[in-house]
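Open the model in your viewer and keep the selection box ready. We will move from stop to stop, selecting as we go.

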Amino acid sequence: MAKDSQFSGGKSHLEMGSLEGRAVLQLEDENLVDSKHNDRRTSSMDATPQISVFDTDTDDVSCKCTWNSILRQMHIVLFSKKLNLLIPCGPLAMLVDMLTDHHGWIFFLSLLGIIPLAERLGWATEQLAFYTGPTVGGLLNATFGNATELIISMYALRRGMIRVVQQSLLGSILSNTLLVLGCAFFAGGIAHSTKDQLFDKGNAVMNSGLLLMAVMGLLFPAVLHFTHTELHFGKSELALSRFSSCVMLVAYGAYLFYQLTSQNSLYMPLAEEEGENDESLQEEEAPEISKWGSIIWLSILTLWIAVLSEYLVNAIEGASVAMSIPVAFISVILLPIVGNAAEHAGAVMFAVKDKLDISLGVAIGSSTQIAMFGIPFCVVVGWIMGRPMDLNFQLFETATLFMSVLVVAFMLQDGTSNYFKGLMLLLCYLIVAASFFVHIDPEAIQDKPKKT
């Protein structure tokens, strides 16, 4: 209403300006009869200020509307959630890095600063999804939901911290499949304790199959390494990893094509359920910012996460020593929990609303994307950089992933969910977290970045 009143006020003011211009011209015409010499100059000089006032008023109205729109979007993005109170932790981490060498505090503050940015990144993706449709929007949500992990991985890979890249991506899969999905099943089961929640078993089985394919891609290089059966020692394992990564990328591309063209899309239940909602719910789920506003904020948030990720990666090893926490635990447990903050909140919220297909699309969809795209993509990027990034995640990590994927596959095979299944997944994640807390990575010492 405020905008309408501004526009109406501006319109009436412009109309008054045009009437004043007409009156001036009429007076000049009367003077034209009396004085025939200086009338045209006088009329042009008198008319020009009126036209400039007209244009100035129009520019003022448009500038006010643009400025109000920018302020409104900034208020929605930065001040609408209490979690955004953690945003100043990012600049504070930079300040601590400039003034001191306390890597523990730098890591901790960077970690806290990334949490609200990851949540806002997921929110901006959801806003953009209103304009792209449910299928493309769901894929965008999974993609930008994993942007934090991929950005951290790129910085770590550039510094030669290959084990941090492998363990953080592995931890992202474990976090999504066990922690995020377990919380969604548990919260949905508590909210709907009188019945078993249902979901599309076909899509769940297809994603489980893709996860098992990713496990196979990780398993063979590890087996080849530990059985010492390489044709060319030190080269066959890396060559197999790069070939398998290319195959996995092709498989993921085919999966995307299937999702975008198939009527049984993983994200179609969102469209169907929204189509059945009443007008009040539709108004409640309307986009809060414009399409271009969503794109601009996605770019800003991604850039800000990239800046903080560099401070986070640089402080990992120092924080491990300062806090007496293994690097493996930081990489597998702490980093993915921060990166998956948006997926975690979204999956639980949709499960409570009895929209379990969407929760599976967020949790299992993100795991599938990391396994079939994120890991192979890092191998290819490392190939381009000249880094020996491979699919040999070591025996302990590969066995952990294999057992976790098997547990999740068995949980999804009947197409039903309850709080007990969620509790079992959460307990499995606790076992995994405790295992990595007492695990010493034998490759960590060799993986330290060398000074040039």
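Start with helices α9 and α16: α9 passes α16 in a left-handed crossing. Select residues 236–261 for α9 and residues 356–385 for α16. This is a predicted model. The two axes come within 9 Å and cross at roughly 135°. An angle over 145 degrees would count as roughly antiparallel. At roughly 135°, α9 is therefore oblique to α16.

Now show side chains where these helices touch. On the α9 side, pick S241, R242, S245, M248, L249, A251 and Y252. They meet residues of α16, among them T368, Q369, M372, F373, F377 and W383. Colour this contact by class: twelve residues are nonpolar, four are polar and one is charged.

Stay on α9. Which of its residues are buried? Select S236, E237, L238, S241, R242, S244, S245, M248, A251, Y252, Y255 and Q259 to see them. Then place a distance between the end C-alpha atoms of α9: they are 38 Å apart. The 26 residues, at 1.5 Å each, should span 38 Å, so the two values agree.

Next, select helix α6, residues 147–158. Try the distance between its ends here too. The end C-alpha atoms are 17 Å apart, and the twelve residues should span 16 Å, which agrees. Is α6 mostly covered or mostly open? It is mostly covered, with ten of its twelve residues buried. The buried residues include A147, E149, I151, Y155 and L157. Step past the end of α6 to G160, where phi is positive, near 80°.

Move on to a second helix pair. Select α4, residues 103–132, together with α12, residues 291–314. Their axes lie 8 Å apart, at an angle of about 160°. α4 and α12 are therefore roughly antiparallel to each other. The crossing is left-handed. What classes of residue make up this contact? There are 18 nonpolar, nine polar and two charged residues.

Now visit some loops. Select T194, between α7 (162–191) and β1 (197–198). T194 counts as exposed because its relative accessibility is 80%. Add N418 to the selection. T194 and N418 are 224 residues apart along the chain, yet their C-alpha atoms are separated by 9.6 Å.

Two more loop residues share a backbone feature. Most residues other than glycine have a negative phi. S324 has a positive phi, near 55°. Find S324 in the loop between α13 (316–323) and α14 (327–339). Is S324 buried or exposed? S324 is exposed, with a relative accessible area of 63%.

Then select Q394, whose phi is also positive, near 75°. Q394 lies in the loop between α16 and α17 (395–412). Q394 is buried, at a relative accessible area of 11%.

Finish by zooming out to the whole protein chain. How many helices and strands are there? The chain has 18 helices and two strands. Of its 452 residues, 46% count as buried. Turn last to contacts between residues at least 6 apart in sequence: 83% of them join residues at least 24 apart.

Terms used
Residues are numbered from 1 along each chain as its sequence is written. This is a predicted model: local features need pLDDT of at least 70, side-chain atom pairs count only at pLDDT 80 or more; totals for chains, interfaces and linings use all residues. Side-chain values use heavy atoms; hydrogens and water are left out. Axes are lines fitted to C-alpha atoms, for helices over the stretch in contact, and angles run from 0 to 180 degrees between N-to-C directions. Helices (H or I, at least four residues) and strands (E, at least two) are DSSP runs, numbered from the N terminus. Angles under 35 degrees count as roughly parallel, over 145 as roughly antiparallel, 65 to 115 as roughly perpendicular and the rest as oblique. A crossing is left-handed if the near helix is turned anticlockwise from the far one by less than a right angle, and right-handed if clockwise. Contact means heavy atoms within 4.5 Å. Ala, Val, Leu, Ile, Met, Phe, Trp, Tyr, Cys and Pro count as nonpolar, Asp, Glu, Lys and Arg as charged, and the others, Gly among them, as polar. The expected span of a helix is 1.5 Å times one less than its number of residues. Buried means under 20% relative accessible area, exposed over 50%, partly exposed in between (1.4 Å probe, protein chains only).
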